[in-house]
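Have the model open in your viewer and your selection tool ready. We will go from stop to stop, and at each one you will hear what to select and what is there.

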Amino acid sequence: MYLSKSRYCSAVQCPKILWMHKNMPDQYDDSVMDMVRLTAGNQVGDLAMGYFGDFIEIPYLDNKAEMLRETKRLLDKKTPVICEATFSYNGLFCMVDILRVYEDYVEIVEAKSSTSDDEEDSDDIKEIFLHDMAFQYYVLTGCGLNVRSVSLLSLNRKYERFGELDIQQLFKLTDCTEAVLNMQDAIPERLDNIENVVMAETEPDILVGSHCDSPYECGYKGWCWRDVPENSVFDIGWHMWGSKKDAAYKAGIITFADVLNSDIGLSDKQRRQVETVVYNQPPSIDRPAIEAFLSKLRYPIYHLDFETYQQLIPLWDGVRPYRQIPFQYSLHIEHEDGTLEHKEFLGKAGEDPRRLITERLCEDIPIGAFSLAYNMTFEKKRLEHLAELYPDLAEHLLDIAENMYDLCGPFKNGDYYCKAMGRGYSIKYVLPALFPNDPDMDYNKLEIVKHGRDAMNAFATLHEKPPEEVEQIRKALLAYCKLDTLAMVKILGKLQEQFRNE
Ligand code: SF4
């Protein structure tokens with residue numbers, strides 16, 4: 001089997017992935033792949049090809065020899081820009097996204113839809129991308145080419161579209177040559193190691209660890225993690241580093257009881273999580289802190305939750321790559337006598353939802369209203385972005401943000417903790433912990449859309465679906481978002497009830 005750059009990158013994450021591909025491919029869980037995001041990434045790659053002007057693309061063929069021949073022909077002709085230029089060296093194989101060809105040297109350009117995670121504001125370059133580029137440099141120099149530079153062409157998160165899409169502004173070029181050169185010496189040894197692991201007759205003895213989720217979630221976790229017990233060191237939350245967990249696991253510190261019997265340093269919150277399980281402790285409640293939180297409440301309470309999605313290539317004015325675009329909200333209005341009203345908005349497939357959602361929100365939440373969100377930084381940021389976009393409604397939107405409080409606060413601060421919350425304070429941990437046997441509070445009982453990622457992908461692809469399916473998906477989106485705010489009402493009620501019962 002030849003080693004392509006994508007296989008090489010998989011092996012950088014964990015060489016056992018290649019052994020599993022070869023020997024136990026049926027154990028692969030392909031639900032780890034986000035096809036919607038992959039398709040969007042491919043569209044970015046296609047657009048990036050035009051960044052340097054005219055280009056010739058080597059078509060993908062099963063016959064790799066033909067791709068290699070065509071690349072050589074174009075190189076010999078000094079074709080200035082070759083896309084998917086194909087090279088092979090010592091059993092290694094790579095296609096360069098964009099190769100710039102000069103008289104006596106070439107430049108490698110790797111196109112990626114992102115530099116790092118898909119967050120709005122993150123700009124660090126993922127280490128795996130550097131490995132990807134280092135592999136290409138290794139192969140091309142092995143083939144005798146004089147590679148002068150290696151760069152990453154990625155989406156520029158600061159570009160805001162107005163009018164025609166400006167490709168030069170949409171992308172940004174980052175020189176990674178130095179980092180790539182620094183990786184060269186380690187490649188031969190890594191290749192030997194990969195070969196040894198892949199050729200092993202028996203399953204490689206590679207421990208599970210944080211590398212199983214980073215940089216990508218591995219599809220073989222179902223197999224490799226089968227003997228890791230519930231409440232293992234990997235389940236410790238509250239910001240414990242992955243490397244610390246890996247080291248503990250390697251040292252045989254596996255269960256929570258092991259952790260308590262070891263000298264691993266734990267923060268107060270981590271210790272509480274572990275001790276609550278080992279000693280089966282009751283919920284811990286900081287009464288004065290919760291009292292202080294509840295004393296801020298003003299009725300009616302507007303429980304608000306947005307659903308958003310991202311466009312990698314901005315389609316509309318005022319959109320930046322990766323900016324979260326709100327397309328839906330759910331609003332439960334809770335009155336002091338306990339009555340509830342529900343309002344909601346869901347944009348139409350393929351249409352820009354921003355102006356309509358903004359107007360409806362301003363109709364539904366009056367100025368001065370007391371609102372709650374769960375992890376309000378997210379909701380506030382959406383409101384601020386909409387305020388920038390629509391100055392005529394900015395005052396109203398900023399007023400909503402100003403009067404917003406965070407229901408997540410008591411859980412995030414550790415004022416309320418119970419065993420079932422486990423490692424975190426997100427609503428997906430807190431809700432089942434507080435309502436373990438309530439089927440109406442169970443996201444898994446929902447149809448089609450059960451997670452935020454499902455909602456994003458469902459809306460992003462809604463315009464491609466036939467009408468009967470669109471209706472079904474819209475219903476699922478509405479049900480999902482409605483549960484988010486109903487959950488908030490219930491969680492607040494539980495806090496109040498606990499407080500009363502203390
Ligand atoms: S689950 Fe972890 S150990 Fe198993 S192949 Fe994947 S990355 Fe390697």
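Helix 1 and helix 2 are oblique to each other, because angles under 35 degrees count as roughly parallel, over 145 as roughly antiparallel, 65 to 115 as roughly perpendicular and the rest as oblique. Select residues 5-13 for helix 1 and residues 16-23 for helix 2: their axes cross at roughly 120° and come within 7 Å. Axes here are lines fitted to C-alpha atoms, for helices over the stretch in contact, with angles running from 0 to 180 degrees between N-to-C directions. Helices (H or I, at least four residues) and strands (E, at least two) are DSSP runs, numbered from the N terminus.

A word on the model before moving on: it is predicted, so local features need pLDDT of at least 70 and side-chain atom pairs count only at pLDDT 80 or more, while totals for chains, interfaces and linings use all residues. Residues are numbered from 1 along each chain as its sequence is written, and side-chain values use heavy atoms, with hydrogens and water left out.

Now show side chains. On helix 1, pick R7, S10, A11 and Q13; they meet I17, L18 and H21 of helix 2, where contact means heavy atoms within 4.5 Å. This contact has 3 nonpolar, 3 polar and 1 charged residues. Ala, Val, Leu, Ile, Met, Phe, Trp, Tyr, Cys and Pro count as nonpolar, Asp, Glu, Lys and Arg as charged, and the others, Gly among them, as polar.

Next, add helix 8, residues 187-199, whose axis is 11 Å from that of helix 1, at an angle of about 85°. That makes the two helices roughly perpendicular. Y8, A11 and V12 of helix 1 touch I187, R190, L191 and I194 of helix 8. Here the residues divide into 6 nonpolar, no polar and 1 charged.

Which residues surround the ligand? Select C14, I17, H211, C212, C218, Y220, K221 and C224, each with a heavy atom within 4 Å of the ligand. This shell has 6 nonpolar, 1 polar and 1 charged residues.

Finish with some backbone details. S214 and P215 are joined by a cis peptide bond, with omega about 5°; P215 lies in the loop between helix 8 and helix 9 (221-224). Another cis peptide bond joins Y299 and P300, with omega about -5°, and P300 is in the loop between helix 13 (287-294) and strand 9 (301-310). Lastly, select W238, which is not a glycine yet has a positive phi of about 55°; look for W238 in the loop between helix 9 and helix 10 (242-250).
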